[in-house]
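Subject: Structure handover

Hello,

Here is the structure I promised to pass on. Please open it alongside this message; my notes follow below.

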Amino acid sequence: MNLLNRRALAYVAGHPMDFAVQCLKGFRANQGLLLAGAVAYYSLLSIVPLLMLVVVALSHVIDQAELLSAVGRYLNYLVPPGQSKPIVAEVAHFLEHRDLVGGVLVVTMLFFSSLAFTVLENAMCVIFKHRVAIRRRHFMISAVMPYCYILSLGAGMLLVTLVAGSLQVMGEESVRLFGYDWSLNGVSGVLLYLLGFAGEVLVLSSIYLVMPVGRLSPSHALIGGVTAAVLWEIARHILVWYFSTLSQVNVVYGSMTTAIIVMFSLEIAATLLLFGAQVISEFERAGRERRQRAPRPLTTEAAAK
């Protein structure tokens, strides 16, 4: 571990509340909620075409029914249970008519599926502005990166689906111990949850690793990934409880309920994703500077004058 990392860890360990407050102040100064709203909106536009492209590619390797089941299971990590069914239904409908898909539609889907990555990269530039001031990314890298990341997500989804399928098969088995038959269903469920959480951490860490300008330390990316994943798991369970017990959103929005709930979930997920980036940004600077002044808020050129 280098000297800067040791300094940062010593500072965070010695002043955890100060570091947390500094992250919150920095997130507020960077207009984090506004950036999260933009990321959530474009994610809503991108999620369906992105899933369609990935599922069509993987359907040549994995059984369609098993693949759709896996997609629904992964979506439950992003939206409250029950709200993923309309999205899975649209993906299934697309698979049934994929022979009618033309080149223009494929290009359009590729464009919309990459929008969220482009907006997320711009949001990361705001949070990691100390990096952008030193080094900028070539525009061709920014143009190609979303599609490379989509391919990586597809490969990761294939691997996780195969492992999850093996765990589900294991859950149907039992072992005989001390004269009793012990079902492995509970063990399989725990392993599936841990697999999903580990997948969350890896996906988030990979986003932090490739989205910011410059080379980010894998350990720093992992810090942000673990932070965002833990916060999202807490928020996800609160959302599940809220929408299943207290929420009256279906009464207020009617047929728009699914879109509103998905958008709200994506807004919270984007907020936590960007806050994880803010944690990394503050951690990077904690090893270089000991100042405690408040972060400067974003201002326009006219306002600065």
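Gln278 is buried, with a relative accessible area of 0%. The cut-off for buried is under 20%, so Gln278 meets it. Bear in mind that this is a predicted model. Gln278 sits in helix H12. What does Gln278 touch, once residues up to four places away in sequence are set aside? The list is Cys23, Gly26, Phe27, Asn30, Ile127 and Arg285. There is also a long jump in sequence here. Arg28 is 250 residues from Gln278 along the chain, yet their C-alpha atoms are separated by 10.0 Å.

A second buried side chain to look at is Glu233. Its relative accessible area is 5%, and Glu233 therefore counts as buried. Glu233 belongs to helix H10, which covers residues 218–245. Leaving out residues up to four places away in sequence, Glu233 touches Tyr77, Tyr193, Phe197 and Glu200.

Next, a backbone point. Gln31 is not a glycine, but its phi is positive, at about 55°. Most residues other than glycine have a negative phi. Where is Gln31 found? Gln31 is in the loop between helix H2 (16–29) and H3. Is Gln31 buried, exposed or partly exposed? Its relative accessibility is 37%, so Gln31 counts as partly exposed.

Now the helix packing. Two pairs are worth your time, and H3 is in both.

H3 with H12:
- H12 spans residues 257–286. The two helices pack at an angle of about 130°, and their axes are 8 Å apart.
- That angle makes H3 oblique to H12.
- The crossing of H3 and H12 is right-handed.
- On the H3 side, the contact uses Gly32, Leu33, Leu35, Ala36, Gly37, Val39, Ala40, Tyr41, Ser43 and Leu44. On the H12 side, the partners are Val262, Met263, Leu266, Glu267, Ala270, Thr271 and Leu274.
- By class, the contact of H3 with H12 holds 12 nonpolar, 4 polar and 1 charged residues.

H3 with H5:
- H3 runs over residues 32–58 and H5 over residues 85–96. They pack at an angle of about 50°, with axes 10 Å apart.
- H3 is therefore oblique to H5.
- The crossing of H3 and H5 is right-handed.
- H3 contributes Val48, Leu51, Met52, Val55 and Val56 to the contact. H5 contributes Ile87, Glu90, Val91, Phe94 and Leu95.
- The residues of the contact of H3 with H5 comprise 9 nonpolar, no polar and 1 charged.

Finally, the overall picture. How many helices and strands does the protein have? The secondary structure comes to 13 helices and 2 strands. The protein has 305 residues, and 41% of them count as buried. Among contacts with a separation of 6 or more, 79% come from residues 24 or more positions apart. The protein exposes about 17100 Å². Carbon and sulfur atoms supply 68% of that area.

If you have time for a single stop, I would start with Gln278 in H12, then go on to the H12 residues that meet H3, among them Val262 and Leu274.

Best wishes

Terms used:
Residues numbered from 1 in each chain as written. Predicted model: local features only at pLDDT ≥ 70, side-chain atom pairs only at ≥ 80, totals over all residues. Heavy atoms only, no water. Axes fitted to C-alpha atoms, helices over the stretch in contact; angles between N-to-C directions. Helix = DSSP H or I, 4+ residues; strand = E, 2+ residues; numbered from the N terminus. Parallel < 35°, antiparallel > 145°, perpendicular 65-115°, else oblique. Left-handed = near helix turned anticlockwise from the far one by under 90°. Contact = heavy atoms within 4.5 Å. Nonpolar A, V, L, I, M, F, W, Y, C, P; charged D, E, K, R; others polar. Buried < 20%, exposed > 50% of the residue type's maximum accessible area, 1.4 Å probe, protein only. Areas by Shrake-Rupley, 256 points an atom, 1.4 Å probe, with all protein chains shown as cover.
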